[in-house]
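Please read this report alongside the model. It moves from a helix and its packing to the sheet, then to single residues and hairpins.

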Amino acid sequence: MRIAVCDDEEIQRSLLKSYLEAWAEEKGRALSVTLFASGEEFLKSWQEAHFDVVLLDIQMPDMDGMSVARRLRETDGQTGIFFVTGYEDYLVQGYEVEAFRYLIKPVSEEKLREGLELFLKKRGGEKRVLMVETPEGTRRVDADGICYMEAFAHSCELHTLTELVTVKSGISALEKEAARLGIPLFRCHRSYAVNIAQIRAIEREAALLADGTRIPVSRRLYQELNRRFIDYFLKKGR
């Protein structure tokens with residue numbers, strides 16, 4: 001889970017980070033916390049870094065937190081916004097940017113933990129997201145919904161349960177990023193990589209997906225794919 005803390009006060013940033021790290025350690029969650037001293041600094045990084053949650057101070061010089069949230073919501077409707085403020089006057093404005101929580105200073109560690117747990121519960125756990133570069137710009141793709149990838153000369157097609165996304169990178173780079181997220185992707189052919197979790201059956205020359213799609217499997221990789229397919233579902237059933 002990736003969380004950004006954006007506050008112009010160093011003491012507040014450090015305090016929130018300590019709360020977050022204590023929560024993650026207690027819950028056994030993987031956590032990355034990045035600190036920002038201004039809204040401008042945060043906006044320069046968020047598209048590339050991709051944060052699940054941002055703890056955002058409303059009262060900041062230059063660009064205030066509400067303006068940062070509006071910019072964020074222009075292209076991102078999923079990041080959880082937790083406003084951190086010393087006042088309750090901004091509650092109405094928060095609906096405009098779909099703020100998930102208001103944390104009144106001094107922030108209660110218990111209230112922060114409750115908010116994070118509820119956010120994860122409503123989102124259905126920690127959703128794995130693959131950030132990809134497309135001809136239209138940066139996109140977020142539900143990593144668990146990936147079915148397979150098909151490589152072309154200078155691009156790759158990412159087939160998911162709901163969409164087809166053309167990506168401006170090679171299949172090897174996408175494989176590495178998927179592996180980092182824990183997606184069981186297997187390079188079954190020179191031009192194809194298949195998500196083992198989406199396979200329903202293995203044929204001699206193809207992997208059969210639930211919708212009937214057949215993904216080519218090279219002869220030399222058949223046995224290894226079959227072994228990994230069996231291992232994956234045996235572990236899943238435990």
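Contact here means heavy atoms within 4.5 Å. Helices (H or I, at least four residues) and strands (E, at least two) are DSSP runs, numbered from the N terminus. This is a predicted model: local features need pLDDT of at least 70, side-chain atom pairs count only at pLDDT 80 or more, and totals for chains, interfaces and linings use all residues. Residues are numbered from 1 along each chain as its sequence is written, and side-chain values use heavy atoms, with hydrogens and water left out.

**Helix 6 and its packing**

Helix 6 spans residues 171-180. Ile-171, Leu-174, Glu-175 and Ala-178 are buried in it. Buried means under 20% relative accessible area, exposed over 50%, and partly exposed in between (1.4 Å probe, protein chains only). Seen down the axis of helix 6, the buried residues fall within an arc of 105°, so they line one face of the helix. The arc is that of the directions from the helix axis to the C-beta atoms.

What do the buried residues of helix 6 pack against? They pack against strand 6 (129-134), strand 8 (146-151), strand 9 (156-160), strand 10 (164-167), strand 11 (185-189) and strand 12 (192-195). Gly-182 follows helix 6 and has a positive phi, near 85°.

**The open sheet**

An open sheet has 5 strands in the order 2-1-3-4-5, with parallel pairing. Two strands pair if DSSP finds at least two bridges between them. The edges are strand 2 (32-36) and strand 5 (101-104), each of which pairs on one side only. Neighbouring strands of this sheet are turned by 20° against each other on average, direction ignored. Axes are lines fitted to C-alpha atoms, for helices over the stretch in contact, and angles run from 0 to 180 degrees between N-to-C directions.

Strand 4 (residues 80-85) runs parallel to strand 5, and 4 bridges join them. Thr-85 has Ile-104 of strand 5 as its bridge partner. Helix 1 (residues 10-27) lies across strand 1 (2-6), strand 2, strand 3 (53-57) and strand 4. Helix 1 runs at about 170° to strand 2.

**Thr-79, ahead of strand 4**

Thr-79 sits in the loop between helix 3 (65-73) and strand 4. Is Thr-79 buried or exposed? Its relative accessibility is 3%, so Thr-79 counts as buried. The Thr-79 side chain reaches the backbone oxygen of Phe-51 at 3.0 Å. A polar contact is a pair of N or O atoms within 3.5 Å; within protein, one must be able to donate a hydrogen and the other to accept it, and residues adjacent in sequence count only if both atoms are side-chain atoms. Beyond neighbours within four places in sequence, Thr-79 is in contact with Phe-51, Asp-52, Val-53, Val-54, Leu-72, Arg-73 and Arg-140.

**Backbone in the loops**

Two residues other than glycine have positive phi values, as tabulated.

| Residue | Phi | Loop | Relative accessibility |
|---|---|---|---|
| Asp-62 | about 65° | strand 3 to helix 3 | 74%, exposed |
| Glu-98 | near 55° | helix 4 (91-96) to strand 5 | 55%, exposed |

The peptide bond from Lys-105 to Pro-106 is cis, with omega near -5°. Pro-106 lies in the loop between strand 5 and helix 5 (109-123).

**Two hairpins**

Strand 9 and strand 10 form a hairpin with 3 residues between them. Their pairing is antiparallel, over 4 bridges. Glu-157 stands opposite Thr-166 in strand 10. Side chains alternate along strand 10. Val-165 and Val-167 point to one face and are buried. Leu-164 and Thr-166 point to the other face and are not buried. In a regular strand the side chains alternate between the two faces of the sheet.

Strand 13 (residues 199-202) and strand 14 (residues 206-209) also form a hairpin, with 3 residues between them. This pair is antiparallel over 3 bridges. Ile-202 has Ala-207 of strand 14 as its bridge partner.

**Cysteines**

How many disulfides does the structure hold? It holds 0. A disulfide is a pair of cysteine sulfur atoms within 2.5 Å. The sulfur of Cys-147 is 13 Å from the closest cysteine sulfur, in Cys-188, too far for a bond. Cys-147 is buried, with a relative accessible area of 10%. Cys-6 is buried, at 1%.
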